[in-house]
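I opened my notebook to look up a few things in this model, going from the whole chain down to single side chains. Here is what I was working from.

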Amino acid sequence: MDTADSPTKTQAGEDENYILLCQAHDQFVNAEFDQCLELLQELETRGESSCPVLRHNRAVVTYHRSGCTQHAVLLKELEELTTDADAPGEGGLSLKQGAAGATVARYNRAVIYYHRHMYGTALEKLSPLVSRLEALEKSMSALVATLQLQLLLATNQLNRAEAFLEYLQFQLNLVGTAPTNNPTAEEAANASASSPPNNAVVAAPGGGSSAEGSPSVVGGSLQLLQWLTLVLNRKPLAITEDGSPEYAALKAQQYYIMKDFQMAAKQLMRINNECTQAGTVTPQLSTCIANNMGVIHLRVRHYAIAAEFFQNALNFDQQLARNLRKSSLQTMTSARSSEILYNLGVAMLHLRRPKEAFQCFLVPVKQFHSNPRLWLRMAEACIMEHEAKLAEEERQVQPGAASPSPSKPYVPQSAGVPEPTLEFAALCLRSALSLTLSHKASFHMTPIPPDDAEAPDPKDTTQDSWRQPQDNNFCNPSKPVSLESMDNMLAAIYAAHSFVSLRLDDHVTALEMAEELLACERLSDAHKLLGHMYAGEALMLMDKAAEARDHLDPTFVGTLNAFDLETRDWQLKSLDAAQNVMRYNLAVAMVLQKDLPQARTLLASLNHSLVGSKAMALRRFIDLMMAIITNPGTAPS
C-alpha cells in the first residue's frame, strides 16, 4: 500500500497488504473482532503501523470489541490521528490513501460528539469535511451530508437545513425531489427501502476507512431527513408511510404542526399499538411516544394528562440512561431526560406545583443555560412558591384558624443558592434579561420584497450558499422564535423583574423595569396594566405619590381589551376587577398626599372581592385620621 510514510513499497507488497486489509474488513463485518485485530497486527508487522487507515481501523475495531462503550478512548485516538494529519508535511484533507484515515477520523469524531449531544462541537469538527463535500468520494460525501443535516436539525437551524438540502439536491444530486402530491409507485418503492439515520463508526478496506451505511441505507436516511426538514419548515409534503415507525412518526409531526392535534395523537397511538403487536417496542420508542403525547396534551391545556405522559416518558428514559458512562453511543443519543424534564416543569407550572416545577428545571438549565425562556420559567416557579407561602401564612393568621406550628428560624441564603426563593428569582431574571437583550440585538429579520418587485433570482446552490440563511434559534431545545414571541418574552421578563424587585424592597429597580416594560413595542394590554400599577407602587414606596398618580388613572383601564384580561391565568379576569384594583391603588396614593376626603369617596365605589378587605381596612384608617384631624385633642381608642 503506497502511503506517505512508505513511498518505496513494491506493487506486489501493496496488493498483498490490500488483500489483508479487505480480509480484516470482512472479519469486522462478521463481528469477528479478535481475528480482525490479528490481521491488522500482521499488517503492522509489515511496516504499516504509521498508516492513518490502519491506525483508525485498529482503534475502531478495539472500540467494537469492548462492546461499543469505550468511546472516550476511541475519541482520544481519533483526536491524535487528526492532529497528526494537520501537522506540517501531512496530507491534510487530501483524498490520497495517506490521509484517508484522517478524513474518516474527522467524520467519526463528529459522530461521537453528536451522540453525546454536543452538537455545536460536532458541527465545528465536521466543518472541514463539509467545506470539501464535493471533493469527497460519493459514499463518504453522503455520510457527511447526512450527519450535517442531522446536526442542523438538532440545533434548530431550520432555514439553514433547508438551504443545505437544496445544495445537496441541485449541486450534488444526493437527494431527489420530495413528493408534494400522491407519490408514484417508484417513489413509494424508494420510501419502503429507506431506514432511519445510523451513524455507528466502523472500519472499511481500500484506500480509506468509512462509517457504517451502504449507499442505499444512506439514501434512505437522507430521504427521511429531507422530509423531516420540509415538514419542520411547513412545506407541503405528501408523506407515504412504509410501515416503519419513523415515517409514521413523521406523519404525526406533520399533523401537529398543522394543529390537527387529534390526528397527531391517533397517529402516535397507532404506532404504539402496531409496534406492541409486532413485539418491536423499545424504550427509545416508548420515550418518544410518551413525550410527544404529553406535548400534544400540553398544547390543548390538558395539563394533568400531559404531566402524566411526561412522567411516563421520564421513566422510560431512565431505563436508557441508568448508566450512561457504560452505555453505547446509540443509547446515549436516545437519552432525552433534559428535554422531558423541561416539558414536565412547564406542565407543573400550569398545575400550580412550583416546587416540582423548579426541581424539573434545574436539570435542563445545565445544558440549555443560554435559553432565556428557561430562566424565566425558573423565576416564575420561585414567584409562585413565594406567593403560595404568603397565602398560607395569611390563612393561618385569620380569626378562627388553627394555631400555626412553630416555624424554624429564618436563615439568610445567598441569591446563588438554587432554591425557589425571590432572591434566586431575581438572579434568574437578570440572566433572562441579559440573554434576551443580546439575542434581540442579533435577531435576523427576513427581508420582505415589495409587491411591485421583480421575480426573484434563481437560488444560489454553490458550496457556501447554504450558510447564508440565519435562524433565530435562541431558545433551544424549543423551535426558533419569532420577533413577536421575543417581544412577548421580554415584556414578561420586565414585568416579573419589577414584581420581584417590589417584593424585595428594591424600589429603584422595580421602577426601572416597569418603565422599560411600558416602553416595549407591541405591548399587550395586560402588560400595560401591570407596567402602570408596578410603576405607581414603586413611586409611592419612594415617597413620590404625585408622580404615582399619573400611572394610576382609572380611565386608562376602560381603554383596555377585556379579552386580553380574561384569557390570562391570573386574578384580574375582567375590566371590573382591573378597575377596582387601579382605584384602590389610586386611593392609597391620595392618602399619602393627605387627600383623605377624595380617597374615602373613591373607596366607596369599590365593590370587587379582590380589594374588599383591603379597602375596608384603608377606609377605617382614613376615618381614624380624619377623626384626629377634626378633634386634635382626642386620642384614638
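Before searching, I settled what a pair is: rings of Phe, Tyr and Trp (its six-membered ring) pair if their centres lie within 6.5 Å. I also kept in mind that this is a predicted model.

**Aromatic pairs.** I searched the whole structure and got 9 aromatic pairs. One of them joins Phe 164 and Tyr 167, with 6.1 Å centre to centre and 40° between the planes. I wrote this pair down as tilted, because that word covers planes that are neither under 30 degrees apart nor over 60. Where do Phe 164 and Tyr 167 lie? I found both in helix α8, which covers residues 158-170. They sit 3 residues apart there, about one turn of the helix. I checked their accessibility too, and both Phe 164 and Tyr 167 are buried.

**The chain as a whole.** I counted 29 helices and 0 strands. Of the 637 residues, 47% count as buried. For the surface I noted about 31,900 Å² exposed, with carbon and sulfur atoms supplying 52% of it. Then I took the contacts between residues at least 6 apart in sequence: 66% of these join residues at least 24 apart.

**Glu 339.** My last stop was Glu 339, in helix α16 (residues 337-350). Is Glu 339 buried or exposed? I entered it as buried, because its relative accessibility is 18% and the cut-off is under 20%. Setting aside neighbours within four places in sequence, I listed Phe 368 and Pro 477 as the contacts of Glu 339.

How values were computed:
Residues numbered from 1 in each chain as written. Predicted model: local features only at pLDDT ≥ 70, side-chain atom pairs only at ≥ 80, totals over all residues. Heavy atoms only, no water. Helix = DSSP H or I, 4+ residues; strand = E, 2+ residues; numbered from the N terminus. Buried < 20%, exposed > 50% of the residue type's maximum accessible area, 1.4 Å probe, protein only. Contact = heavy atoms within 4.5 Å. Areas by Shrake-Rupley, 256 points an atom, 1.4 Å probe, with all protein chains shown as cover.
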